[in-house]
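Me: Please examine the helical part of this model closely, beginning with the pairing of charged side chains. I should like one connected account that also considers burial, exposure and confidence.

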Amino acid sequence: MVGQFWAELLRDPTFPGSLQELGTALRAGLTRLVVRANPDTLEPERLTVALMAIGMGVFLSQSIVDTEASPRELIDAISVLLRHSPPSP
């Protein structure tokens, strides 16, 4: 159902403006939190995009797969994946 909801938001021409505005406001607020939590961050916007992507993925995963993994378990699993990722070219 969550997937259908997002598909409808993207398909319906009355939503893109408000959806874009919501995304922009969410991104700006989250970027402020990233900077406040770590003022020395060199690329707060990139961290914000990554956090939003992870958050959306967790939300969809828990909605569709009905996983009972806690946020801490998910963070630990993502950390393992990132440590074992090949370096960027």
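Reply: In this predicted model, a salt bridge joins the side chains of Asp76 and Arg72, with an N to O distance of 3.0 Å. Both residues belong to helix H4, which covers residues 71-83, and they are four residues apart, or about one turn of the helix. An α-helix has 3.6 residues a turn, so positions three or four places apart point the same way. Asp76 has a relative accessibility of 37% and therefore counts as partly exposed, since that class lies between the limits of 20% and 50%.

The structure contains two salt bridges. Besides the pair in H4, there is one between Arg46 and Glu43, whose closest N and O atoms are 3.0 Å apart. In general, side chains of opposite charge can pair when their charged atoms come close. Arg46 is exposed, its relative accessible area being 60%, whereas Glu43, at 40%, is partly exposed.

Arg46 leads on to helix H3, where it is one of the exposed residues on the face turned away from the buried side of the helix. H3 comprises residues 44-64. At 1.5 Å a residue, its 21 residues should span 30 Å, and the C-alpha atoms at its ends are indeed 30 Å apart, so the expected and modelled lengths agree. Pro44, Thr48 and Met52 are the buried residues to consider in H3. They lie on the same side of H3, because the arc they cover around the axis is only 80°.

The face of H3 directed away from that buried side carries Ile64 as well as Arg46. Ile64 has a relative accessibility of 59% and thus counts as exposed, the threshold being over 50%. Ile64 also contributes to a nonpolar surface patch of about 380 Å², which is made together with Phe59, Leu60 and Val65. Ile64 therefore combines a place on the exposed face of H3 with 59% relative accessibility and membership of this patch.

Confidence should be considered when these details are read. The mean pLDDT of the protein is 78, and 78% of the residues score at least 70. Among the elements, helix H2 (residues 16-37) has the highest mean pLDDT, 83, while helix H1 (residues 2-11) has the lowest, 64. Where pLDDT is low, predicted coordinates should not be read in detail.

Note on methods:
Residues numbered from 1 in each chain as written. Heavy atoms only, no water. Patch = residues over 30% accessible without salt bridge, like charges linked within 9 Å, V, L, I, M, F, W, Y side chains within 5 Å. Areas by Shrake-Rupley, 256 points an atom, 1.4 Å probe, with all protein chains shown as cover. Salt bridge = Lys/Arg side-chain N within 4 Å of Asp/Glu carboxyl O. Helix = DSSP H or I, 4+ residues; strand = E, 2+ residues; numbered from the N terminus. Buried < 20%, exposed > 50% of the residue type's maximum accessible area, 1.4 Å probe, protein only. Expected span 1.5 Å × (residues − 1). Arc of directions from axis to C-beta. pLDDT = per-residue confidence, 0-100.
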